[in-house]
Amino acid sequence: MLKQTNIDFDYSLFLEEYEKIREHEVDYGRQGKSVDFWRVIRLQDLNSELVKTYVEDFKLKYKIPGKVDGRFYRLKANTTLPMHIDSGTKCSINFLLNDDGAPVIFESGEYIYKQALLNTSIMHGVVNGDKDRIIFKISIFESTYDEVKHKLKDCLL
């Protein structure tokens with residue numbers, strides 16, 4: 001599921017950062033398959049002090065243990081990210097960097113957000129509209145959605 005948040009975040013700064021490092025974007029791939037409509041810049045391809053510092057500060061501020069990293073994703077216009085469960089990521093904080101983003105779809109319904117904590121360990125997907133959908137995602141690998149929701153209780157809407 002999803003819980004909207006109000007974490008301090010500079011959307012324009014992160015969108016500018018994405019544009020600076022966009023050349024490092026690659027097709028999303030897993031288990032030997034890749035798709036060209038879902039693009040990613042993962043930690044190993046990020047050369048961004050902004051991202052590294054923000055994620056480190058986030059992890060310390062909210063006392064999130066274990067592996068946490070930041071990445072950018074772009075879902076191309078007029079494409080569908082099929083229903084799926086994230087590989088390795090138990091939950092995430094997603095920041096929609098551009099306006100009018102398509103909603104995320106869970107079995108319980110569709111949710112429009114600017115920033116939110118998502119339970120990525122349950123089925124979810126996106127049917128995108130006529131604009132690319134760009135997100136900055138903080139992937140949390142070792143804490144569950146409920147554990148992080150409790151830590152973020154002062155930032156939940």
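This is a short tutorial dialogue on reading a sheet, a buried histidine and two positive phi angles in a predicted model.

Q: How should I think about strands in a sheet, and in what order do the strands of the open sheet run here?

A: Start with the general idea: strands of a sheet pair through backbone hydrogen bonds, and the pairing can be parallel or antiparallel. In this predicted model, 4 strands make an open sheet, ordered β5-β10-β7-β8, with antiparallel pairing.

Q: Which strands stand at the edges, and why is one side of each left without a neighbour in the sheet?

A: Those are β5 (80–84) and β8 (109–111); each has a single partner strand, so one side of each has no neighbour in the sheet. As for twist, neighbouring strands are turned by 30° against each other on average, ignoring direction.

Q: Let's zoom in on one pair. How many bridges join β7 and β10?

A: Strand β7 (residues 104–106) and strand β10 (residues 124–127) share 3 bridges, in the antiparallel sense. If you want one to look up in the viewer, take V104: its bridge partner in β10 is V126.

Q: I keep looking at H124. Which strand is it in, and is it buried or exposed?

A: H124 sits in strand β10. With a relative accessible area of 6%, H124 is buried, because anything under 20% gets that label.

Q: What does the side chain of H124 make a polar contact with?

A: The side chain of D86, at 3.1 Å. The H124 side chain also reaches a backbone oxygen, that of I122, at 2.9 Å.

Q: And which residues is H124 in contact with, leaving aside its neighbours within four places in sequence?

A: One group in the list is P82, M83, H84, I85 and D86. Another is V104, I105 and F106, and N119 is on the list too.

Q: Now backbone angles. What sign of phi do most residues have, glycine aside?

A: Negative, for most residues other than glycine. Here, K63 has a positive phi of about 55° although it isn't a glycine. Likewise, N78 is not a glycine, yet its phi is positive, about 60°.

Q: Where is K63 found, and where does N78 lie?

A: K63 is in the loop between α2 (49–61) and β4 (68–75). N78 belongs to the loop between β4 and β5.

Q: Is K63 buried or exposed, and what about N78?

A: K63 counts as exposed, at 62% relative accessibility. N78 counts as exposed too, at 58%.

Notes. Residues are numbered from 1 along each chain as its sequence is written. This is a predicted model: local features need pLDDT of at least 70, side-chain atom pairs count only at pLDDT 80 or more; totals for chains, interfaces and linings use all residues. Side-chain values use heavy atoms; hydrogens and water are left out. Two strands pair if DSSP finds at least two bridges between them. Helices (H or I, at least four residues) and strands (E, at least two) are DSSP runs, numbered from the N terminus. Axes are lines fitted to C-alpha atoms, for helices over the stretch in contact, and angles run from 0 to 180 degrees between N-to-C directions. Buried means under 20% relative accessible area, exposed over 50%, partly exposed in between (1.4 Å probe, protein chains only). A polar contact is a pair of N or O atoms within 3.5 Å; within protein, one must be able to donate a hydrogen and the other to accept it, and residues adjacent in sequence count only if both atoms are side-chain atoms. Contact means heavy atoms within 4.5 Å.
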